[in-house]
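The exercises below are meant to be worked with the sequence and the coordinates at hand. Each opens with a task, and the solution then proceeds step by step.

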Amino acid sequence: MSEEKKSLNFLEQIVEEDLAKGLDKHKLKFRFPPEPNGYLHIGHAASICLNFGLGIKYNAPVNLRFDDTNPSKEEQEYVDSIKKDIEWLGFKWEKELYASDYFQQLYEWAIELIKLGKAYVDDQSSEEIAQQKGTPTQPGVNSPYRDRSVEENLELFERMKKGEFPEGSHVLRAKIDMASPNMLMRDPIMYRVLKKAHHRTGNEWNIYPMYDWAHGESDYIEQISHSLCTLEFKPHRELYDWFLDQVYSNKNLRPKQREFARRNISYTVMSKRKLLQLVEEKIVDGWDDPRMPTISGLRRRGYTPESIKKFSEVAGIAKRDNVTDIALLEFFVRDQLNKIAPRVMAVLDPVKVIITNYPKGKEEWLEAENNPEDENAGSRQVPFSRELYIEREDFKEEANKKFFRLSLGNEVRLKNAYIIKAESVAKDANGTITEIHCTYDPLSKSGSGTEESKRKVKGTLHWVSIQHAVKAEVRLYDRLFLDEAPDGHKDKDFKEFINPNSLIVIENAYLEPSLQTAKPLDKFQFQRLGYFCVDTNSTSDKLIFNRTVPLRDTWAKIEQKN
RNA sequence: UGGCCCAUGGUGUAAUGGUAACACUCCGGUUUUUGGUACCGUCAUUCAAGGUUCGAGUCCUUGUGGGCCAACCA
C-alpha cells in the first residue's frame, strides 16, 4: 500500500516549524473554545475537526473550554448541546473547562496590573469612551481618569466587584496607547459591571472579564500551545500578546494565537445571530430543524459524523475568504449513505396500478437485495400483489424514446418483481389518471433465471403493494435560501432569499412494510428517490421520514433542458 | 483618508524558487434490474504591470480587487 503524502495546511506547518525549532512535542496542546450562546454549526465543525484533528495527529490533549464571560447571552442549554454535538462527531476532549473557572485568577492578575499602573478604572459612559477612542484613521484621546492613583483604582475596582456601582457606570481598562493604529490597543476594557446571574458562578460576581482579557490568559493557564481562531481575531493578536506579556513567566509555555478563515457554505447563513433569528422568528422549527446548518440540524436531516468530518477535511483550511459549494457536503453524505443505507421502496406520489392477469387475493413475498454496494447487507422479503402503487411521474400515456418508464403498450420492470406492460388507463372527470391497467409476464420474475427474466427493458420502477403498504409522513427538505450568499447583499436582508419550498410535507406516503419498525435516525435509501432518515419525533404509530438529500437525478436535468 | 490580512479553473484546496495537482460542480460518454453507484473524458498558464533569478504561482515593488478593525459581544 502506497501511502499518499498529504500536504500540510498552513497551521500544521506552523506546528511543524515550532517542533523543528525545539518545542517539546509533549507540550503540544489545543483547545476548542465555543461561546455557549448558540448551537454549533457546520462552520464550527471546521474548527472542531482542525483542533481535535491536530490533537489526534500529534497525540496531544484538546480541551473543551467554554468562553462564558458574558452571562447575558449564555445558557446551560447551549453548553449541553455543544457537548452533545462534539461527542456525536466522535471527538473526545481532555478536560471540560470554562473561562469562568478562572474568574478569580483573572481578578487577581487585574489587581496586579493596577498596581503596576497598567490598568485603571474609567468612570465614563460607553458613549464617551467610544468617542474618545477615535476612528481607524484618527487617533483617540486619553480618558480624564487615565492617571488616577493606584490606590484610587484599587478601591474603585474593589467597589465594582462588590456591586456598589450600577451597570455601565465603571469599567477597568488596560493602559496601553490611545494613539495605536490598532483600535484594540486603545486602552481596551478588561472588566465591566454586569449584575447578571451566571450559568455557573451564579451571583458571585458583579464584574465580568472581556474576551480579550479572558481568552489569552485562559490559554496560558491551560498551557495551550497553539490557540487557533478565525481571521477576524487577527487584530486581537497584538492585544493577546500584550496581555500575555503581563503574566508570562519563561518557565512556562507561551501560547501562540494564529488565525484561519472561517468556513462559509453556499445557500445558507452561518452567523449565530442570524441562525438565532431564524429560530426566534419561527422561520424554522428550532435549532435542530433539518434545514439548519447546525450540527444538530444536520444530524436530524440524516447526515453522518463521517460525512461532516470528511467534508471538513477535504474543504481544507486556509486564510482566504471562501464560500464552499454545498454540493461538496452533499457529495460526502451521498458517498457514505450509498455504502451503508439499506435500499427500500417508497412511493411518495402514488398512482394505482392493477395487474389484470394477476390472480385476485394472491400475494407473493419476493426477495429484495438490501444494498448492492454491501454484500454483507443481506436481503429481505417484500410483498407483491395485484394492486400496486407506483410514482405518478413514472407513467405517461404516450412518451418519446427518451422516457425509460411506463407508457401505454410498453414494458418496464418492477424492481425485484416482474416485467409489466401498460394496457390502458382509467381517468376521473378531470382527466386525471386513477388507474393504470397492466399485464405482467409470470415468467419474468427477478432472479428466476428464465429467459424472460433476462429480457432487457428500458427501465425499472419502484413500487409498493397497496394492501401491504404502511403510511408515513415524508418531509422533503430543500435548501433554506435561494441565493448562493444570502447574507452577502449589502442592501438586502438575508431573509428576503428564503426558499418558500424549503419544506414540502407529504402527509401520506406509502412504504414497504419492512419500514414499520424503523427507529429515529435510521437511514435508508428510498430507491430512485433519495436518502431518508427517520425523524427524531417519529413513532411506530406515526412514522416520519426526512429527506436527507435526493439521489443524483440526470433525468430531471434532461427534462429541465426541454 | 490609517493599520492589518488575502488574491491559483465555476467552487474549495495543493504545488514550500524547477515548469500548475486533487476533490466537488458542470458538460459528454461506458456499464447497470435504482436515469443511483462505478468507470472514462472535457473545463486555468496562477488579479495586473514592472523587477530579482538560468528559472517566479511562489521573492521584491507598485497598482487593482476583496476582507477585517471605531460592541461595557465573542
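**Exercise 1. Two residues with positive phi**

Task: Decide whether Asn-416 is buried or exposed, and then examine the backbone angle and the location of Asn-416.

Solution. Asn-416 has a relative accessible area of 14% and is therefore buried, where buried means under 20% relative accessible area, exposed over 50% and partly exposed in between, with a 1.4 Å probe and protein chains only. Before going further, note that this is a predicted model, in which local features need pLDDT of at least 70 and side-chain atom pairs count only at pLDDT 80 or more, while totals for chains, interfaces and linings use all residues. Residues are numbered from 1 along each chain as its sequence is written, chains are lettered from A and ligands numbered from 1 in the order in which they are written, and side-chain values use heavy atoms, with hydrogens and water left out.

The next step is the backbone: phi of Asn-416 is positive, at about 65°, although the residue is not a glycine. Asn-416 sits in the loop between strand S18 (411–414) and strand S19 (419–427); helices (H or I, at least four residues) and strands (E, at least two) are DSSP runs numbered from the N terminus.

Asp-187 can be treated in the same steps. Its phi is near 45°, a positive value in a residue other than glycine, and Asp-187 is found in the loop between strand S5 (171–174) and S6. At 1% relative accessibility, Asp-187 counts as buried.

**Exercise 2. Aromatic pairs**

Task: Determine how the rings of Phe-103 and Trp-205 are arranged, and which parts of the chain they tie together.

Solution. A pair of aromatic rings is described by the distance of the centres and the angle of the planes. Rings of Phe, Tyr and Trp (its six-membered ring) pair if their centres lie within 6.5 Å, and planes under 30 degrees apart count as stacked, over 60 as edge-to-face and the rest as tilted. The structure holds 27 aromatic pairs. For Phe-103 and Trp-205 the centres are 6.0 Å apart and the planes stand at 80°, so the pair is edge-to-face. Phe-103 belongs to helix H4 (residues 103–115) and Trp-205 to the loop between strand S6 (189–193) and strand S7 (207–209), so the pair ties together parts that are 102 residues apart in sequence. Both Phe-103 and Trp-205 are buried.

A further edge-to-face pair is formed by Trp-213 and Phe-243, at 5.0 Å centre to centre and 65° between the planes. Here Trp-213 lies in helix H7 (residues 211–222) and Phe-243 in helix H8 (residues 236–247), 30 residues apart, and each of the two, Trp-213 and Phe-243, is buried.

Finally, ring pairs link Phe-103, Tyr-107, Phe-157, Tyr-191, Trp-205 and Tyr-208 into a cluster.

**Exercise 3. Strand order and edges**

Task: Establish in which order the strands of the seven-stranded open sheet are arranged, and which strands stand at the edges.

Solution. Two strands pair if DSSP finds at least two bridges between them. The order of the open sheet is S21-S18-S19-S20-S12-S15-S22, with mixed pairing. Strand S21 (460–461) and strand S22 (464–465) stand at the edges, each with a single partner strand, so one side of each is left without a neighbour in the sheet. Strand S15 (residues 387–391) pairs with S22 in the antiparallel sense over two bridges, and Tyr-389 has Val-464 in S22 as its bridge partner.

A separate pairing may be checked alongside: S13 and S14 run antiparallel and are joined by seven bridges, with Glu-364 standing opposite Phe-384 in S14. Five of the seven residues of S14 are buried, so S14 is largely enclosed by the rest of the structure.

**Exercise 4. A serine in a strand**

Task: Describe the surroundings of Ser-407, beginning with its place in strand S17 (residues 406–407).

Solution. Ser-407 is buried, with a relative accessible area of 3%. Its side chain makes a polar contact of 2.8 Å with the side chain of Asn-410; such a contact is a pair of N or O atoms within 3.5 Å, of which, within protein, one must be able to donate a hydrogen and the other to accept it, and residues adjacent in sequence count only if both atoms are side-chain atoms. Leaving aside neighbours within four places in sequence, Ser-407 is in contact (heavy atoms within 4.5 Å) with Phe-395, Lys-396, Glu-397, Ala-399 and Ala-422.
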